[in-house]
Structures are given as structure tokens and as C-alpha cells.
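Me: I should like a close look at a single part of this structure, with the surrounding context explained as you go.

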Amino acid sequence: MPLDRIRPALMHGLDSAIDKFTAKNPQSAAALERARAVLPGGNTRSSLWSAPFPLCIASGEGCRIRDVDGNTYVDFLGEFTAGIFGHSSPILARALADAHARGINLSSHTPYEVELAERLVARFPSMDRVRFANSGTEATIMAITAARLTTGRERIIAFEGGYHGGVATFIPGADRVNAPYQFDVLPFDDLTAVQAAFAHDPQIAAVLVEPMQGAGGCRVASTAFLAGLRSLCDSHGAVLIFDEVQTARMAEGGMQARLGITPDMTTVGKFFGGGLAFGAFGGRASIMDRFDPARPDALAHAGTFNNNSLTMATGVAAIDHYLTPAALEALFERGETFRGRLNAAFGASGLPFEATGLGSIMNIHARLETADSSAALRRLLQFGMMAKGQYFAARGLIALSLAIGDAEIEGFFTALTEVLADIAGIMAEDAA
Ligand SMILES: Cc1ncc(COP(=O)(O)O)c(C=O)c1O
């Protein structure tokens with residue numbers, strides 16, 4: 001049954017939130033119209049799309065962003081987890097400018113890449129060696145490739161709801177452009193399904209898993225599941241790959257250190273480039289050393305910008321100044337408290353919202369009878385919060401940055417209480 005017949009007040013509330021959003025953001029709408037002529041649908045990064053149009057953000061400073069209409073927001077999205085430092089850090093700007101003053105990409109090895117590599121290898125228990133790429137997507141593809149070519153096997157186990165980049169996504173509807181690997185997509189956090197897959201065909205090259213599915217809605221894998229994957233891979237000679245592109249922020253050594261489970265390979269990305277395009281894959285020496293170009297059986301991994309000095313230098317500054325063990329631990333705790341407060345506010349409102357996640361990364365879900373009504377309710381909350389200057393993803397993702405202070409957090413919860421009260425009024429009309 002159409003949503004406007006079963007929940008007319010919810011639909012009307014959403015329509016009027018969209019009308020207000022549209023009236024407040026004429027320049028963002030115009031920016032999209034202009035872009036449509038040269039970018040398909042005005043878009044060059046699919047995950048940013050949301051109806052009726054995404055905001056066009058002109059600038060950011062600290063934990064605040066400003067759109068082209070001059071509206072400012074507290075940024076609770078933090079560049080989908082990559083912007084952990086907040087915006088316009090003078091420390092990162094200095095590192096970038098210093099590297100730039102010494103020339104751009106220098107047509108050979110440079111002193112920069114070893115600095116970043118040493119720091120990553122020291123952090124992640126699974127990394128004896130690391131190689132750099134330009135995105136998390138590329139890092140995933142290279143990790144899969146390394147697993148296939150070192151095991152001589154083809155099949156890769158991945159999980160429903162997993163996201164490892166634009167061409168390795170297992171979120172329904174987004175998977176049409178996946179790279180043509182032999183993926184076996186199994187239910188997430190279901191060890192029995194993985195046991196059955198190995199029993200059916202032990203010739204599996206790799207198991208690719210996020211310790212917490214980020215884009216898939218911040219679903220946290222159970223420790224038993226991840227430990228079970230570890231032992232299945234051990235027994236069958238498969239490569240266990242942890243995609244820690246998002247979860248690397250959960251501790252100095254990422255989720256693998258927090259859990260005490262060491263994969264064979266790890267991919268990271270996002271913030272380790274200090275705000276510049278970045279990805280890296282690393283792992284056991286016995287796998288990674290196949291990339292030693294002096295070996296007769298070397299695997300090639302070329303890339304003009306793999307060692308680009310701007311990213312390498314800014315990444316080092318990011319690690320040294322921001323990504324300290326103490327800062328990451330504090331951010332983790334702050335996120336746990338934040339998610340707890342969210343769920344307490346949802347519980348007090350009596351509305352069917354829930355926040356899932358881990359540490360400073362979380363996702364708000366709305367749970368009504370259908371996917372459409374759930375999405376409508378979630379967007380109503382997000383539009384309501386945006387109208388009060390609180391910015392997070394249309395899909396409900398929140399990623400706290402180090403730049404967000406206590407005052408901003410209090411501001412968020414004050415706004416949330418008001419928005420939830422408004423929504424409760426709307427939902428009461430439908431219940432009447
Ligand atoms: C877990 C995970 N893996 C891989 C990627 C892909 O990284 P990138 O967008 O840098 O290609 C992402 C990006 O959101 C991610 O969240």
C-alpha cells in the first residue's frame with residue numbers, strides 16, 4: 001500500500017521538510033543544475049547523492065562547514081570518516097606546503113614514503129610490509145590480487161552489506177559495477193555459512209571482511225565471528241583480509257589490536273593521507289614480498305601517485321600530531337558515550353530509531369513496517385537536524401571528528417530533543 005495512504009502525516013511531514021530545505025538552499029539547487037550539463041546527474045561521487053539535491057558545501061573550518069547559500073552546519077559527518085582532523089588544520093596545511101615547496105611528485109623514490117610506511121607498520125600487528133595506493137578501493141583490489149596470486153586460488157568470500165570501494169560493494173543495488181572477481185557473498189556475522197562454504201570448496205583464496213561494516217549501516221562483527229574466520233583461514237590456507245579503512249581509527253593498531261585478532265592482510269585509507277587521496281594495503285612479509293620488484297616472480301603494482309610526496313608528508317604529520325594512541329582512545333570513548341546518548345534520546349522519545357556502531361562511527365536507523373516508511377522517517381529526522389544546523393549523512397551515518405567539542409555535542413542533543421518531539425507529534429497523528 002502506498003505510504004501516503006498508510007502514513008499520511010509522515011509523508012506530509014517529509015514533503016514539508018523537503019519544501020523548507022529547497023527554499024533554504026537555492027544556490028545548492030542551482031549548482032546541481034549547472035553540474036548536470038557536464039557530470040551525469042550533476043554527480044561524480046555516487047554516495048553523496050540524496051534527494052531532492054545534496055548541499056553544495058563551499059568551505060569548512062574546524063568542525064563547521066558552510067554551504068554556497070551561506071548556511072553553516074556543525075559537521076557530524078566528517079567526510080564519511082576520512083575527515084577525522086576536522087577542516088583546515090594548520091598543521092596539515094604546513095606539512096602539505098612544506099612538501100610542495102620541495103617539488104611535487106619527484107619522479108623517483110623519496111624520503112617521504114618510508115616515513116609513512118614505518119609508522120603504519122609499527123601500528124598494525126598484521127603489517128610486516130605495506131604498499132601505498134590512491135584510494136581504499138585500489139587498496140582492496142590489490143589485497144585481493146595479492147591473495148589470489150600468492151595462493152593460486154580464485155574465490156573470494158565477502159559479506160552481504162560489505163563495502164570495500166566502488167567496485168567491491170555488496171550492498172544490494174550498488175553492486176552492478178563490481179570488479180569481475182569470483183566473489184562468494186555470504187551473510188555477515190554468520191560463521192556457519194562460512195564453514196559451509198569452506199566445506200563445499202576449500203580452495204578459497206581469501207576472506208574479505210570489515211570488522212564493522214561501515215557503509216552497510218555500522219554493523220559490528222562479533223568477536224567470535226572474526227576469530228572463527230581467523231581459524232578457518234588458518235586451517236584452509238586462505239588469506240584473511242581485514243578492511244580497516246574505517247575501523248583503523250578505533251585504536252592505534254585498529255580493530256585488530258583492540259580485538260587481538262591478527263589478519264594476514266589489512267587495508268587502510270581515508271585519514272592516513274592527512275586529507276589527501278590515499279589507500280594502503282599491507283600484511284605478512286611472505287605475501288607482501290612478492291611485490292619486491294627485484295624478484296624474478298615479482299607482482300607489479302605501479303601507480304604514478306603511489307608515493308606522491310604531498311600525501312606521504314601530510315599523512316606523516318597527521319599521524320604524529322593527531323592520530324596518537326591517546327587521541328584515538330579518547331575519540332573512541334567519546335563516540336561510545338555519544339551513541340549511548342543517542343539511543344537514550346530515541347528510547348525516551350518512544351520513536352523507532354536506533355543507533356548502531358562502534359566508537360566514533362555510528363548509523364541512525366529508523367525501523368517501521370516497510371523500507372520506504374523507514375527511509376521517510378530517517379530523512380525526516382535528518383532534515384529536521386539540518387534545519388537546526390546539524391549535518392550528518394542522509395543515510396544516517398555520523399562520524400565524530402577530533403575537532404568536535406563538548407559544546408557542539410550539547411548543541412546536537414538539544415536540537416535532537418526538539419526534532420524528536422516534532423516527529424513524535426507527526427507520528428501521533430498517524431496513530432490517531
Ligand atoms: C570500509 C571501506 N573500505 C574501502 C573503502 C573505499 O575507500 P575509497 O573511497 O578511498 O576508495 C571505503 C570507503 O568508504 C570504506 O568505507
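In which loop is the place of Thr81?

Reply: The model is a predicted one. Thr81 has its place in the loop between strand S3 and helix H4 (90-101). Although Thr81 is not a glycine, its phi is positive, at about 90°. In general, most residues other than glycine have a negative phi, and most peptide bonds are trans.

The strand before this loop, S3 (residues 72-75), pairs with strand S2 (residues 64-67) in the antiparallel sense over three bridges. Within that pairing, Arg64 has Val74 of S3 as its bridge partner. S2 and S3 form a hairpin with four residues between them. Gly70, in the turn of this hairpin, also has a positive phi of about 90°.

S3 has a second pairing, with S15, which is parallel and runs over two bridges. Here the bridge partner of Asp75 is Tyr391 in S15. In general terms, the strands of a sheet pair through backbone hydrogen bonds, either parallel or antiparallel. The sheet as a whole is open, with four strands in the order S1-S2-S3-S15 and mixed pairing. Its edges are strand S1 (57-61) and strand S15 (390-391), each of which pairs on one side only.

A further backbone feature is found in the loop between helix H3 (26-36) and S1, where Pro52 is located. The peptide bond from Ala51 to Pro52 is cis, with omega near 0°.

The wider setting is a chain divided into two domains: domain 1 comprises 16-87 + 325-431, and domain 2 comprises 90-321. The C-alpha centres of domain 1 and domain 2 are 28 Å apart. Contact between the domains involves 23 residues of domain 1 and 19 residues of domain 2.

The model also contains a ligand, surrounded by Ser135, Gly136, Thr137, Tyr163, His164, Gly165, Glu210, Asp243, Val245, Gln246 and Lys270. By class, this shell consists of two nonpolar, six polar and three charged residues. Several of the surrounding residues place polar atoms by oxygen atoms of the ligand. For Gly136, a backbone N or O atom lies 2.8 Å from a ligand oxygen atom. For Thr137, an N or O atom in the side chain is 2.5 Å from an oxygen atom of the ligand. For Gln246, a polar side-chain atom lies 3.0 Å from an oxygen atom of the ligand. Of the 390 Å² of accessible area that the ligand has on its own, the protein covers 83%.

To return to the part in question, Thr81 lies in the loop that links S3 to helix H4, and its positive phi of about 90° occurs in a residue that is not a glycine.

Note on methods. Residues are numbered from 1 along each chain as its sequence is written. This is a predicted model: local features need pLDDT of at least 70, side-chain atom pairs count only at pLDDT 80 or more; totals for chains, interfaces and linings use all residues. Side-chain values use heavy atoms; hydrogens and water are left out. A residue is near a molecule or strand if one of its heavy atoms lies within 4 Å of it. A polar contact is a pair of N or O atoms within 3.5 Å; within protein, one must be able to donate a hydrogen and the other to accept it, and residues adjacent in sequence count only if both atoms are side-chain atoms. Accessible areas come from the Shrake-Rupley method with a 1.4 Å probe; for residues, only the protein chains shown count as cover. Ala, Val, Leu, Ile, Met, Phe, Trp, Tyr, Cys and Pro count as nonpolar, Asp, Glu, Lys and Arg as charged, and the others, Gly among them, as polar. Two strands pair if DSSP finds at least two bridges between them. Domain bounds come from an automatic or database domain assignment. Contact means heavy atoms within 4.5 Å.
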